[in-house]
Structures are given as C-alpha cells and as structure tokens.
Amino acid sequence: MTEKRNMKNTVITFKNAKKAGKKLTMLTAYDYSTAKLVDEAGIDSILVGDSLGMVCLGYEDTCSVTMEDMIHHAKAVARGTKDALVIVDMPFMSYQTSVYDAVVNAGRLIKEGHGQAVKLEGGIDMIPQIEAIVKASIPVVGHIGLTPQSVHVMGGFKVQGKDEAAARKLIKAAKALEAAGVFALVLECVPADLATYISSILTIPTIGIGAGAGCDGQVLVYQDMLGISRGFTPKFVKNFGNVGEMMVEGFKQYKKEVEEGTFPSKEHTFSISTEVMDKLYG
Ligand code: KIV
C-alpha cells in the first residue's frame, strides 16, 4: 500500500496561506528522528534554527554556532523530511560580514545542508545581503524584533518595539525586508498589537514567536513546547506535552530494571541451541 502523502510545502504554500488567511505552522528540528515526527504531524515548515546552539549544544546563546554545525544538522533534518519546507538559519557572522559571504554561505546551506530556504536576522542593514541571496535564487525568511544573535547589543533576551521610535523602526524594517524579497518574516518578542499591525500591512506572511495571535503563523522551539528544555521557560511558550518528564521517567525505569536484573527479559533476548552451547562448554 502506498503511504498517503500531503503536498510538498514550498514558498508558494506560504504565499497562498497569506492570501487565504490560513495560519501557517513552523517548528524547529535539529535531527532526523525529530524531523520525521514533525513532518508526520503535518507541520508546514521545519526551521533548523541556530537555537541549536542553546537547546542541543548547550551554549549560553546562539553566537557560537558555526556553518559546519548548521550544515551537519540541516542534512539530518532534510533526510527526515518529506512534506515540510526546510528552512535553515544562517549562523552568526556567516552573512553580517559581507554580501559575498552571505551568498556563499546561503548557497552552502542549500547545496550541502539540503535546506530549501534560509533565514537570517536583522533589519535595514541586512537588505544588501537579502537582495543578493534572493537574486541567487535562494528563498529567504527575514527575522526582526528580538534577534538572538544581537543579544550582546540588546543587553539580553528582551521584548522589542515597545516605544514609538522602536515600533516605527520595526515597521520600516518589515516593509523594507518585504521589498527586498523575503517570502516570510519572523517577528520575535514583539508586542501583540504591533505584530498584528505589521502583519496587516505586509503581503508576505509573518511568523510569530512571542508576538501574539495576530501573526499569519507561529513558530516554537520544539524542546520548549514539549517540556524537554530545563530551566527558564519564556512567557510565550505553551506546554503542549510533558515529554521531558516522560523521558526522565523512562530513563529511571530502565536504570531500576537493569540494576534489579529484570531487563533484559527473555522476550528481549536472542537464543542459541543447547547443542551448540554444550559444544562450547566442552
Ligand atoms: O533559532 C531559532 O530557533 C529561531 C526561532 C526562535 C525563530 O530563530
């Protein structure tokens, strides 16, 4: 029997969703098995986020993530994904340095990482990079508001666009990024009313994270929404499952059964004939 398949999602899916007023879904994934599960759930797109640095590699922020890290994880995600659009984050200093670097590194994420689009952080200053990548036939997602690669300039992971000047700057950046050719725009940690307004003036979909329900779609880091992340949970994260707890319980049960000798039992064991064993014992 052939497996039932949804349609492969592309940039056209994003365009049509905005036109039809259909909400888009995006989740992060960083490996083959998780990508398969996210894809199976029918999520529209998978972001191989540079949040990888924090949730998988244990760094304090995303600044230490390298191109090699992103390519390695993007490849695994691409192998596990059939229908979702695979978007790969451009890591810190892979595009800020020059337009040339931006195009070469975006190209590597597609060619070697097998992504289908790239995402990069930043406003007006990144327009030359975005235009050049789009010109090289690589679809780009923009990312404004809280841009974690600028954490040291922002002075922490803080809500952005709260006063008039900051809000106007975000509106200007959103319009400029759309004009530069991004096919979607992530709004991170932006007040809900402002995000709703930005979404209403753009023809491309906005994807919110900590930006309220007025965005055209939502994205979350999967470890956060499944209770796998330990420690601080941002206000915008909703818990959709206690997978972290289930894992700890499973690990504890395994430890207990190994220590008391009940695992592995006969059903988890391979047999050999006594005839052969007798010969071995001599
Ligand atoms: O790296 C990431 O996971 C992201 C999302 C939080 C939007 O950029």
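**Figure 1. Helix α8 gives the most to the lining of the second largest pocket, with five residues.** Welcome to this predicted model, which we tour through a few close-up views. The second largest pocket holds about 640 Å³ of space. Its lining is made up of 24 residues, and those nearest the centre are G122, G123, T147, M154 and K169. Besides α8 (164-180), strand β5 (140-145) and helix α7 (151-154) each supply at least two residues of this lining. Sorted by class, the lining of the second largest pocket comprises 10 nonpolar, 10 polar and four charged residues.

**Figure 2. The largest pocket has a volume of about 1,100 Å³.** Its lining counts 42 residues, with F157, E188, D224, P234 and F236 closest to the centre. Two or more lining residues come from each of these elements: helices α3 (52-55) and α10 (222-225), together with strands β4 (117-121), β6 (184-188) and β8 (217-220). If you like to look at chemistry, the lining of the largest pocket divides into 22 nonpolar, 10 polar and 10 charged residues. This pocket is also where the ligand sits, so let us turn to the ligand next.

**Figure 3. The ligand, seated in the largest pocket, has a shell of surrounding residues.** Around the ligand you will find T28, L47, G49, D50, S51, D89, K119, H143, V186, I209, V219 and V221. By class, this shell has five nonpolar, four polar and three charged residues.

**Figure 4. Side chains of D50, D89 and K119 place polar atoms close to oxygen atoms of the ligand.** For K119, a polar side-chain atom is 2.8 Å from a ligand oxygen. In D50, an N or O atom of the side chain lies 3.0 Å from an oxygen atom of the ligand. For D89, the distance from a polar side-chain atom to an oxygen of the ligand is 3.1 Å. As for cover, the ligand taken alone exposes 260 Å², and the protein buries 95% of that area.

**Figure 5. A cis peptide bond joins F263 and P264.** Omega for this bond is about 0°. To find the place, follow the chain into the loop between α11 (243-260) and α12 (274-281), where P264 lies. For context, most peptide bonds are trans.

**Figure 6. S137 has a positive phi, near 70°.** This serine is a residue other than glycine, and its place is the loop between α6 (127-135) and β5. As a general rule, most residues other than glycine have a negative phi. From S137 in this loop, a reader can carry on into β5, one of the elements that supply at least two residues of the lining of the second largest pocket, and so return to the view in the opening figure.

Key: Residues numbered from 1 in each chain as written. Predicted model: local features only at pLDDT ≥ 70, side-chain atom pairs only at ≥ 80, totals over all residues. Heavy atoms only, no water. Near = heavy atom within 4 Å. Polar contact = N/O pair within 3.5 Å; in protein donor to acceptor, adjacent residues only side chain to side chain. Areas by Shrake-Rupley, 256 points an atom, 1.4 Å probe, with all protein chains shown as cover. 1 Å grid on protein atoms, 1.4 Å probe; cavity = no way out; pocket = protein on both sides within 12 Å on 5 of 7 lines; lining within 4 Å. Sits in = over half its atoms within 2 Å of the grid points. Nonpolar A, V, L, I, M, F, W, Y, C, P; charged D, E, K, R; others polar. Points joined across faces, edges and corners; volume = space filled by probe spheres on them. Helix = DSSP H or I, 4+ residues; strand = E, 2+ residues; numbered from the N terminus.
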